[in-house]
Amino acid sequence: MAAHDNHAHDHGHGAGGESHGSVKSYLVGFLLAAVLTIIPFWAVMKGNLPTFTTGVIIVVAAILQIFVHLVFFLHLNRSSEQRWNVSAAAFTVVVIGIIVAGTLWVMHNMNVHMMH
């Protein structure tokens, strides 16, 4: 039992210099995420905006919401401790961009070259 009492109970909190958010930062992140969800929902439900404008609103809100989640909930920042996480996230975005662009290109070419 004495060995257990001497064991440090850090459970990963503060062990590697990682920063955990405060209640205030989580509330700010939640409010921003909620607003960035309500805006596109409103744009779609209102229905009087042009389709292109509605699509742009949805895409911009989605991209902003990704950044809100990365900063406020996953605690990614420019500190040296987070450099590898930011690099991995950037690499993931590039790979997903290549996959999406390649898929759209292939689907467009298939549509153009199919017999009508």
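Visitor: What does the secondary structure of this chain come to?
Guide: Four helices and zero strands. Keep in mind that this is a predicted model. Reading from the N terminus, the order of elements is α-α-α-α.

Visitor: How much of the chain is buried?
Guide: Of the 116 residues, 10% are buried. As for the accessible surface, it comes to about 9600 Å², and carbon and sulfur atoms hold 74% of that.

Visitor: What share of the contacts with a separation of 6 or more comes from residues 24 or more positions apart?
Guide: That share is 55%.

Visitor: Let's turn to helix 2. How do you know that its length is close to the expected one?
Guide: Helix 2 covers residues 23-46, which is 24 residues. From first C-alpha to last it reaches 34 Å, and 34 Å is also what 1.5 Å a residue leads you to expect.

Visitor: And helix 3, how does its reach compare with the expected value?
Guide: Helix 3 has 23 residues and reaches 32 Å between its end C-alphas, close to the expected 33 Å.

Visitor: Why is helix 2 called roughly antiparallel to helix 3?
Guide: A pair like this is described by the angle between the axes and the distance between them. Here the angle is about 170 degrees, and the axes lie 9 Å apart. The cut-off for roughly antiparallel is over 145 degrees, so helix 2 counts as roughly antiparallel to helix 3.

Visitor: What kinds of residues make up that contact, by class?
Guide: The contact of helix 2 with helix 3 has 17 nonpolar residues, six polar ones and no charged ones.

Visitor: Which residues are buried in helix 2?
Guide: G29, A33, L36, P40 and A43. They pack against helix 3, residues 51-73. Their spacing fits a general point: an α-helix has 3.6 residues a turn, so residues three or four places apart point the same way.

Visitor: Which are the buried residues on the helix 3 side?
Guide: T54, A61, Q65 and V68 are the buried residues of helix 3, and they pack against helix 2 in return.

Visitor: What makes Q65 count as buried?
Guide: Q65 has a relative accessibility of 19%. Buried means under 20%, so Q65 counts as buried. Its place is in helix 3. Setting aside neighbours within four places in sequence, Q65 touches A33, L36 and T37.

Visitor: Why is F30 called exposed?
Guide: The cut-off for exposed is over 50%. F30 comes in at 52% relative accessibility, so it counts as exposed. F30 is found in helix 2. Its C-alpha is 8.4 Å from that of F72, a residue 42 places away in sequence.

Visitor: How do you know that I39 is partly exposed?
Guide: I39 has 39% relative accessibility. Partly exposed runs between the 20% and 50% cut-offs, so that label applies to I39. I39 lies in helix 2. I39 and A61 are 22 residues apart in sequence, with 7.6 Å between their C-alphas.

Visitor: What follows helix 2?
Guide: G47 comes after helix 2, and its phi is positive, near 75 degrees.

Visitor: What makes the phi of H75 worth a look?
Guide: The phi of H75 is near 60 degrees, a positive value in a residue other than glycine. In general, most residues other than glycine have a negative phi. H75 comes just after helix 3, in the loop between helix 3 and helix 4, residues 83-113.

Visitor: Why does H75 count as buried?
Guide: H75 has 14% relative accessibility. With the buried cut-off at under 20%, H75 counts as buried.

Visitor: And what makes N85 count as partly exposed?
Guide: N85 has 41% relative accessibility. Partly exposed lies between 20% and 50%, so N85 gets that label. N85 lies in helix 4.

Visitor: How far apart are N85 and H75, in sequence and in space?
Guide: Ten residues apart in sequence, and 10.0 Å apart from C-alpha to C-alpha.

Key: Residues are numbered from 1 along each chain as its sequence is written. This is a predicted model: local features need pLDDT of at least 70, side-chain atom pairs count only at pLDDT 80 or more; totals for chains, interfaces and linings use all residues. Side-chain values use heavy atoms; hydrogens and water are left out. Helices (H or I, at least four residues) and strands (E, at least two) are DSSP runs, numbered from the N terminus. The expected span of a helix is 1.5 Å times one less than its number of residues. Buried means under 20% relative accessible area, exposed over 50%, partly exposed in between (1.4 Å probe, protein chains only). Contact means heavy atoms within 4.5 Å. Axes are lines fitted to C-alpha atoms, for helices over the stretch in contact, and angles run from 0 to 180 degrees between N-to-C directions. Angles under 35 degrees count as roughly parallel, over 145 as roughly antiparallel, 65 to 115 as roughly perpendicular and the rest as oblique. Ala, Val, Leu, Ile, Met, Phe, Trp, Tyr, Cys and Pro count as nonpolar, Asp, Glu, Lys and Arg as charged, and the others, Gly among them, as polar. Accessible areas come from the Shrake-Rupley method with a 1.4 Å probe; for residues, only the protein chains shown count as cover.
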